[in-house]
Amino acid sequence: MRKNVAQFSRIGFILSAAGAAVGLGNIWKFPYMTGVYGGGAFVMVYLITILLIGVSLLVAEMYIGKIGQADAVSNFENEAPKAKRAWAKAGYIIFIGLIIMTFYSVVIGWIFYYLYVALTGLPTNLQDAQNIFNTLYASSPWLQITFHTLSTAIVAAILFGGIKNGIEKFNLLLMPTLIVILLGLMVYAMQFEGFSKALAFMFAPDFSKLNSEAIIRAVGHSFFTLSIGIGSIMAYAAALPKETNIFRAGLWVAFLDTFIALIAGIVIFSFLFQFGGEPAKGPGLVFMSLPIIFAKLGTVGTVIALLFFLGMAFAGLTSAISLVEPAVMYLEDRYEWSKKKAVIFNSLLYYVVGILVVFSTTDGFKEYLMIGKKSLFDALEFAVDSFLMPLGGILIALFVGYALSKERVAKELVPEMGEKIFAVWYFSIRYIAPFAVLFLAYNSLTS
Ligand code: PHE
C-alpha cells in the first residue's frame, strides 16, 4: 500500500494537475489541429466535449484516486466490489502514459533544440524556417536523440524528488511562469490586425469544414488535453489532502487547461495571419511560423522566442512527469521497488521506443518503421488519441457509474457538488460519457 499519502498542498495539487493537463497538447497540438481541421467548428466540438464529457470524467478519475489513495491498479482492485474483481485490470491504463512518452519526449526535445536556434539565429523567412524544421525532423536523428535524452533525464530527475520535493515544487514554479509568458505574448499580439483574424478563425465556426475525422480528432484531443484516462490525475489525486474539494479542483484544472489552449491558439494565429503564414501546416506549425516572426522583432524577438520556447518546454515537462509517475507509483507500491529503480526502469522503456519514433520520421530509416500508411510516430499518436485514452476514459466512467454503488459515490461528492449538480454529473458519467467515448473509439477503429 501507499505510504506517502497527502503530500500535496491544495494549491500544489491544483497546479500540478493543471501542469499535467496543460502541455504540448495545448501549445503545440491544439493550434496545429485547429489549423488542419479548419478552425472554429473544430474548436467548438472541442469545447463542447470538454464541457459535456471532459469535466465529468476528470472529476470521476480524481474521485477514484481520492478514495483509493494508492496506485491505479490497487485503486481499482481495492475499491471494486468483491463480485467485480475483473476491474483490477483496469488499472493497467497507467502504461498508456509510457506509450505517450515515446513521442512526447521527442517533441520536448525539439523545443530544446529551438531554444538553441533562438540563441544562435532565428530564421528570417518561411523557407529558412521550413528548412530548419525539416532538417531536424527528417534528417537529424542523432540531434533529436540527443535532446530526447536530455528530456528523459530532466523528467527522471524531477521524479526522483517524489511528489512533494519534485512534482509539486516544479509545478508551483513553472505553471505561473508559463501563464505570465503566454498572457504577455497575447497582449503583445493584440496590436496586430492578425489578432482579430485569429479570433474569427478560431471562434466563427464554418461547419462545412467539419468532416467526421475532424470530429473524432476533436473529441480525442479533449481527452488528451485534460489528461483523462491514463491514471495521471488519479495518481496525483491519491496524494492530496482528504478535505480537498475535487469537484472544484476539477473545474479549475479544466478551466486553466482550456484557457491556456485558447490563448496559445490566439497568439499563434495572430502572428500567423499578421505575417502571412499558412494555418494548415500540421505538426510543424509552432516550429515554423513563430520563429520567423520573432526574428523580425530583432533582439526583443530573441528574448520573446526564448521565453516562448521556455514556456512550451515547461508545459511539456510538467505533463511529462505526470505521464510517467503513475507507472512509477505502481512499481513502488506493488513491488516495493525503490523510487530510483522504478523511475529508471520506466524511463528506459519509453526512451528506447522513443529512439525508434525518431527514426520513423527520418530519411533512410522511415521506410522500415511504418505501421500501415503511418509513421510509427503518427501511428502512436493516433492510437493514443483515438483509442487508448478513450478506452481509459470509458473504464473510469463505467467503474464510477456502474461498478461502485451510487450511495457511495454520492456520499463523497454530494457535499462537494450539491444534489443538483451531482445528478447531472452522475447522468453524464453513466449515460453520456461511455457512449460518446464508445462512438469515438468505434469511429476511429473503423475509419
Ligand atoms: N494533457 C497533456 C497535454 O495536453 C498530455 C497528457 C495526457 C499528460 C495524459 C498526462 C496524461 O499535453
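1. Among the elements of the chain, helix α15 has the highest mean pLDDT, 98, and helix α13 (residues 285-296) the lowest, 84, where pLDDT is the predictor's confidence in each residue on a scale from 0 to 100. The chain has a mean pLDDT of 91, with 98% of its residues at 70 or more. Helices here are DSSP runs (H or I, at least four residues), numbered from the N terminus. The model is predicted, so local features are reported only at pLDDT of at least 70 and side-chain atom pairs only at pLDDT 80 or more, while totals for chains, interfaces and linings use all residues. Residues are numbered from 1 along each chain as its sequence is written, and side-chain values use heavy atoms, with hydrogens and water left out.

2. The ligand has 16 residues around it, and those that come nearest are Ala21, Gly25, Tyr104, Phe224 and Ser227; a residue is counted here if one of its heavy atoms lies within 4 Å of the molecule. As to polar atoms, a backbone N or O atom of alanine 20 lies 3.3 Å from a nitrogen atom of the ligand, and a backbone N or O atom of leucine 24 lies 3.1 Å from an oxygen atom of the ligand. Asparagine 26 places a polar side-chain atom 3.3 Å from a ligand oxygen atom. The protein buries 100% of the 320 Å² that the ligand exposes when taken alone, with accessible areas computed by the Shrake-Rupley method with a 1.4 Å probe and, for residues, only the protein chains shown counting as cover.

3. Serine 227, one of the residues that come nearest to the ligand, has a positive phi of about 60° although it is not a glycine. Serine 227 sits in the loop between α10 (212-226) and α11 (232-237), and it counts as buried because its relative accessibility is 8%; buried means under 20% relative accessible area, exposed over 50%, and partly exposed in between (1.4 Å probe, protein chains only). Glutamate 336 is also a non-glycine residue with a positive phi, of about 55°, and it belongs to the loop between α14 and α15 (339-359). Glutamate 336 is exposed, with a relative accessible area of 68%.

4. Nine salt bridges are found in a search of the whole structure, a salt bridge being a side-chain nitrogen of Lys or Arg within 4 Å of a carboxyl oxygen of Asp or Glu. In one of them the side chains of glutamate 77 and arginine 334 meet at 3.3 Å, N to O. This pair links distant parts of the chain, since glutamate 77 is in helix α4 (residues 72-79) and arginine 334 in helix α14, 257 residues apart. Both partners count as partly exposed, glutamate 77 at 24% relative accessibility and arginine 334 at 31%.

5. A salt bridge also joins the side chains of glutamate 79 and arginine 408, at 2.6 Å, N to O. Because glutamate 79 lies in helix α4 and arginine 408 in helix α17 (residues 406-417), the pair ties together parts that are 329 residues apart in sequence. Glutamate 79 is buried, with a relative accessible area of 14%, whereas arginine 408 counts as partly exposed at 32%.

6. The side chains of lysine 209 and aspartate 206 meet in a salt bridge as well, with an N to O distance of 3.9 Å. Lysine 209 is partly exposed at 42% relative accessibility, and aspartate 206 is partly exposed at 30%. Elsewhere, salt bridges that share partners join Lys66, Glu412 and Glu416 into one network.

7. Glutamate 332 is located in helix α14 (residues 298-335) and counts as buried at 10% relative accessibility. Its side chain makes a polar contact of 3.1 Å with the side chain of lysine 339; a polar contact is a pair of N or O atoms within 3.5 Å, where within protein one must be able to donate a hydrogen and the other to accept it, and residues adjacent in sequence count only if both atoms are side-chain atoms.

8. On the surface, Tyr402, Phe427, Tyr431, Ile432, Phe435 and Leu438 make a nonpolar patch of about 580 Å². Patches are made of residues with over 30% relative accessible area and no salt bridge, with like charges joined within 9 Å and nonpolar side chains (Val, Leu, Ile, Met, Phe, Trp, Tyr) within 5 Å. Helix α18 (residues 419-446) gives the largest share of the nonpolar patch, five residues. Phenylalanine 427 is placed in helix α18 and counts as partly exposed, at 45% relative accessibility.

Key
Helices (H or I, at least four residues) and strands (E, at least two) are DSSP runs, numbered from the N terminus.
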